[in-house]
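Me: I would like to learn how to read the features of a model such as this one, step by step. Could you take me through them?

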Amino acid sequence: MDITETPAQREVRERYTAWLDDFLPDDYLARYHEHRLDWAFRRAHQRDAFEAGWLVPQWEPGLGGQGLDHLETLTIRLESARRAAPKLPNIQGVGVVAPGLREHGTPEQIDRYLVPLLRGDEWWALGMSEPGAGSDFGSIRTRAVRHGDTWVVNGQKIWTTQADQSRYATLYCRTDPAAPKHRGITCFIADLTAPGVTIRRIRSSEDSLESFCEVFFDDVELRADAVLGAVDDGWNVAMSSLDHERDMIWIMNWVEIERGLAHVRSSMLEHRRDDLLVDLGRRLADAEAIRMTGYRAVTNELRGERSPEFLILKLFGSESLQQVWELAIQAAGPGAVTDPGLLLEDFDALAATLYGGTSEVQRNIIGERALGLPKG
Ligand SMILES: Cc1cc2nc3c(=O)[nH]c(=O)nc-3n(C[C@H](O)[C@H](O)[C@H](O)COP(=O)(O)OP(=O)(O)OC[C@H]3O[C@@H](n4cnc5c(N)ncnc54)[C@H](O)[C@@H]3O)c2cc1C
């Protein structure tokens with residue numbers, strides 16, 4: 001892949017940068033941590049990005065985009081990363097639910113749900129993990145039983161990010177218990193305000209992070225038109241929705257790695273930590289390797305090939321991210337414990353090797369799918 005910027009890429013990058021300059025306050029980077037905790041600011045960023053066509057640049061106008069091609073979209077994502085643009089407040093809505101809804105939804109579902117989701121007016125949660133069914137999604141036990149035009153749901157979800165603030169969830173239920181594990185699962189659009197839904201927030205050590213919840217379903221009734229995709233085909237809905245997330249995660253990780261590296265450099269200068277130069281060199285090389293592997297993955301995709309690099313990028317990106325923020329803590333020295341912004345970054349990085357598939361599970365997938373090793 002030729003990584004020199006084309007005139008078309010430069011033109012969209014400059015338009016995007018001008019928009020971002022307009023939106024962001026002058027002291028944005030200097031007060032990044034405060035802005036990160038400012039939900040109204042992050043909501044405003046999502047809404048304005050939707051209106052201006054920078055939210056999902058490859059989609060058409062009216063759906064948060066402007067019909068950009070693959071490379072132009074990558075340019076915008078990397079630029080947004082480089083500028084540390086505000087994180088979307090309901091990231092799983094835009095990153096996972098929206099592409100799944102677009103791919104599997106009926107015209108009526110798309111018409112009803114997609115724009116409010118993209119504008120950030122209605123937040124969405126992902127109802128996948130259950131106690132005993134996290135990595136092993138095929139083991140979910142939440143049941144949906146059909147009675148005429150209605151499905152009745154009973155069961156429990158866990159680690160459901162922002163369920164307490166979301167209006168809807170994509171809810172995965174077992175609909176055919178006799179089918180093999182990966183079949184007989186159906187995805188539903190569940191209204192989290194419906195009778196029979198109980199949401200409990202899980203207490204975490206850091207109040208300012210996105211909330212984690214347990215969600216209980218007791219005889220919750222869903223209409224037949226709440227099914228997303230085909231009945232018993234929820235596995236495919238989940239996998240294709242998560243594919244979009246995995247394709248984006250490496251860029252998200254790379255952004256945070258770059259920000260972490262900037263932090264390390266300034267701390268090392270301030271505290272004269274030349275002893276950390278070798279570690280810094282390793283982490284810089286990792287960041288560059290991630291970027292180049294990302295380009296290779298995109299090149300394969302442009303050729304119409306599904307790239308095994310995406311599997312490696314999730315694992316390598318999330319582990320490098322943790323190492324960089326650990327190094328940032330080391331470089332800051334004892335002062336790290338009194339820097340809430342730095343501690344938040346470090347805690348946040350810890351989660352990266354869990355969500356979207358743990359590192360262990362990712363290694364299994366690489367072994368089986370990329371290297372063709374026998375199943376463990
Ligand atoms: C920040 C964050 C946000 C999340 N948001 C959501 C959300 O919105 N919705 C949702 O549904 N879920 C969410 N999750 C849950 C996440 O998907 C699960 O935590 C993840 O899938 C792991 O499942 P588990 O926690 O049940 O661990 P388990 O699957 O019980 O795994 C426990 C340990 O065993 C290892 N392990 C498991 N199976 C294997 C294997 N076959 N081989 C080797 N090792 C194995 C794992 O790597 C892990 O170390 C979120 C998690 C985090 C951290």
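**Reading the model**

Reply: With 20 C-beta neighbours inside 10 Å, Q162 counts as buried, and since this is a predicted model, that count is a property of computed coordinates. Q162 also has a positive phi of about 60 degrees although it is not a glycine, and its place is in the loop between β3 (150-157) and β4 (168-174).

Me: Which residue in strand β7 (residues 212-223) should I set beside it, and is D219 buried or exposed?

Reply: D219, whose place is in strand β7, has a positive phi of about 50 degrees and is likewise not a glycine. By the neighbour count, D219 is exposed, because 10 other C-beta atoms lie within 10 Å, and a residue with 12 or fewer falls in that class.

Me: How should I read the two sides of a helix, and what span should helix α1 (residues 7-23) have at 1.5 Å a residue?

Reply: The general idea is that an α-helix has 3.6 residues a turn, so residues three or four places apart point the same way. In this structure, the 17 residues of α1 should span 24 Å, and its end C-alpha atoms are 24 Å apart, which agrees. Within α1, the residues V12, Y16 and L20 are buried. Seen down the axis, the buried residues of α1 fall within an arc of 75 degrees, so they line one face of the helix. The face turned away from that buried side carries the exposed residues P7, R10, E14, A18, D21 and D22, while the buried residues of α1 pack against α4 (70-82).

Me: Which residues of α3 are buried, and where do they pack?

Reply: Helix α3 (residues 39-52) has 14 residues and reaches 20 Å from its first C-alpha to its last, close to the 20 Å expected at 1.5 Å a residue. Its buried residues are H45, Q46, A49 and F50. They cover an arc of only 130 degrees around the axis, which puts them on the same side of α3. These buried residues pack against α1 and α6 (107-119), whereas the face of α3 turned away from them carries the exposed residues A40 and E51. Just after α3, G53 takes a positive phi of about 80 degrees.

Me: What are the domains of the protein chain, and how many residues of domain 1 are in contact with domain 2?

Reply: A domain assignment divides a chain into segments, and the one for this protein chain gives domain 1 (7-89), domain 2 (98-232) and domain 3 (236-370). The centres of domain 1 and domain 2, taken over C-alpha atoms, are separated by 29 Å. Between these two, 10 residues of domain 1 are in contact with five residues of domain 2, and the side of domain 1 that touches domain 2 has, by class, six nonpolar, two polar and two charged residues.

Me: Which residues of the shell are closest to the ligand, and why does the ligand lie where it does relative to domain 2 and domain 3?

Reply: A shell can be read by its members, by the elements that supply them, and by their classes. Here 17 residues surround the ligand, and the closest are M128, G134, S135, T358 and E360. The elements that give two or more residues to this shell are β1 (124-127) and α11 (359-370), with α11 providing the largest share, three residues. By class, the shell divides into eight nonpolar, eight polar and one charged. Domain 2 and domain 3 both give residues to the shell, so the ligand lies between them.

Conventions: Residues are numbered from 1 along each chain as its sequence is written. This is a predicted model: local features need pLDDT of at least 70, side-chain atom pairs count only at pLDDT 80 or more; totals for chains, interfaces and linings use all residues. A residue is near a molecule or strand if its C-beta atom, placed from the backbone, lies within 6 Å of it. Helices (H or I, at least four residues) and strands (E, at least two) are DSSP runs, numbered from the N terminus. Ala, Val, Leu, Ile, Met, Phe, Trp, Tyr, Cys and Pro count as nonpolar, Asp, Glu, Lys and Arg as charged, and the others, Gly among them, as polar. Domain bounds come from an automatic or database domain assignment. The expected span of a helix is 1.5 Å times one less than its number of residues. The arc is that of the directions from the helix axis to the C-beta atoms. Two residues are in contact if their C-beta atoms, placed from the backbone, lie within 7 Å.
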